[in-house]
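Please open the model in a viewer and keep the sequence panel at hand. The tour proceeds by selections, beginning with a single residue and ending with the whole chain.

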Amino acid sequence: MLEGKPIVVLSNNDGCIIARSNEAKAFGIPMGVPVHEVKSIITEKGINVFSSNYTLYGDMSSRMMRTLGEFSPEMEVYSIDECFLGLSGFNRFNLHNYGLLIKKTMKQNVGIPCSIGIGSTKTLAKIANKVAKKYPDYEGVFVIDSPEKRIEVLKTIGVDDVWGIGRKYLSKLNAVGIHTAYQLSTVCKDWAQKNLGGVVGLRLVHELNGLSCLPLELVQEPKKNIASTRAFGKIVTSKDELAEALSVYTARGASKLRAERSVAKQISYFIRSNPFSKTYPYFSTGHSITLPVATSDTCKLTAAVLRSLEKTFRPGVRYHKAGIMLSFLRPEGSVQDDLFSHGDTEQAKVLMKTLDELNRRYGRDTLALGSAGFKRDWGTRAHNRSPQYTTSWSDLMSVRG
């Protein structure tokens, strides 16, 4: 069991520390530091080190959101590990006890600890969540349920911990003597509108005062672009390996595109060497390809990228990173054929649906185009990756009676 033990998670290719447990933070491990710079502390303190495991994170996030969605008819998924629940009409509930029930159910169903902040606005709920994390006596749940408690809490919260206050505004606020969330909540509306980004700043001050200005976004806006990029686990010099990588990234982007029931009119790609190398010159190139008809077909998108790669590849370059981006997205039902080109056929749609279903059931890349290769020696380094317990048959836990 790792609960209560120091843990750090590494970025792609096991380069930098991008997440830390509270126990690891207590040992002075900073965010974003290259792992080799703190290797002595990791060894001395027995800190557990893990590579990023996006497949596992994504599946656990889906389970978490499904569980949370059972507690309210209104839910906005804000990020992979955070969401807002609407509690209007829950006045007869003891909200602290309700939060404890949510926490208990999450732990039981998903195995993930969570903290819960409850307030009359999104901004106050975020602040309450910070309080719930910081003070163990609240058992991971904190409710701002009165004007007196709101003022008391805001006086303890630094203005840099207010949702929406970044470096740009922090220095401006500090310069005029505003250091706490409470001080920010007392500024006049005209000053907030003039100095904090217009209506955005005005809404923020209203939210701190308990007036909700940011309604729940119950329907997620379709993405405007979909990208898939990675740094290689080793230096790549051959065109075949670049073609494999771009095929893999295109397939992943196309899968996301189909999941949103969208199609793309343009696909762009880039290939480049390491910009920080002191030994070899930097090289970067790429191309944007406008398709005759918008599509989500992995075969069509990959073929377009690989045709272009034949022209842009330069022998002798030590390639370090590549990626693709799908742009000019639109709903799949809005595609119109032209006189010379046609959209995806029903047969092609069935093929893509089958590909997605097999990869969903048996694990990503179970079924792939031949151009994506098999060995993929260029893949991201992840020497400390935990098993993908919930999405891979080969990683299922063994239970003995």
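Begin by selecting Leu100, which has a relative accessibility of 23% and therefore counts as partly exposed, since the term covers values between 20% and 50%. The model on display is a predicted one.

Extend the selection to residues 95–109 to show helix α4, in which Leu100 lies. Which residues are in contact with Leu100, once its neighbours within four places in sequence are left aside? They are Glu139 and Val141. Next, add Thr290 and draw a line between the two C-alpha atoms: Leu100 and Thr290 are 190 residues apart along the chain, and these atoms are separated by 52 Å.

**The four-stranded sheet**

Thr290 leads to the next stop, since strand β10 covers residues 284–295. Select this strand together with β8 (226–236), β9 (262–273) and β11 (319–331). The four strands form an open sheet with antiparallel pairing, in the order β8-β11-β9-β10. β8 and β10 each have a single partner strand, so one side of each is left without a neighbour in the sheet. From one strand to the next, the twist averages 15°.

Now restrict the view to β9 and β10. How many bridges join this antiparallel pair? There are eight. To locate one pairing position, select Phe270 and its bridge partner in β10, Gly286. Strands of a sheet pair through backbone hydrogen bonds, so showing the backbone atoms is a suitable display here.

Add residues 298–312 to bring in helix α12. This helix lies across β9, β10 and β11, and runs at about 145° to β10.

**The three-stranded sheet**

Move towards the start of the sequence and select β1 (residues 7–10), together with β2 (17–20) and β3 (48–50). These strands form an open sheet in the order β2-β1-β3, and here the pairing is mixed. The edge strands β2 and β3 each pair on one side only. The twist in this sheet averages 25° from one strand to the next.

Within this sheet, β1 and β2 run antiparallel and are joined by three bridges. Select Val9 to find Ala19 of β2 standing opposite.

**A hairpin**

Select residues 75–79 for strand β4 and residues 82–85 for strand β5. The two strands form a hairpin, with two residues between them. Their pairing is antiparallel and extends over four bridges. For one position in this pairing, highlight Val77, whose bridge partner in β5 is Cys83.

**The whole chain**

Finally, clear the selection and display the full chain as a cartoon. The protein chain has 13 helices and eleven strands. Its C-alpha trace spans about 65 × 60 × 55 Å along the principal axes.

Switch to a surface display. The accessible surface of the protein chain comes to about 23600 Å², and carbon and sulfur atoms account for 54% of this area. What share of the 401 residues is buried? Buried residues make up 39%.

Colouring by charge gives a further view: the chain carries 54 positive and 38 negative charges, and the mean positions of the two sets are 4 Å apart.

A contact map makes a suitable last display. Among contacts between residues at least 6 apart in sequence, 64% join residues at least 24 apart.

Notes: Residues numbered from 1 in each chain as written. Predicted model: local features only at pLDDT ≥ 70, side-chain atom pairs only at ≥ 80, totals over all residues. Heavy atoms only, no water. Pairing = 2+ DSSP bridges. Axes fitted to C-alpha atoms, helices over the stretch in contact; angles between N-to-C directions. Contact = heavy atoms within 4.5 Å. Buried < 20%, exposed > 50% of the residue type's maximum accessible area, 1.4 Å probe, protein only. Areas by Shrake-Rupley, 256 points an atom, 1.4 Å probe, with all protein chains shown as cover. Lys, Arg positive; Asp, Glu negative; His and termini not counted. Charge placed at Lys NZ, Arg CZ, Asp CG, Glu CD.
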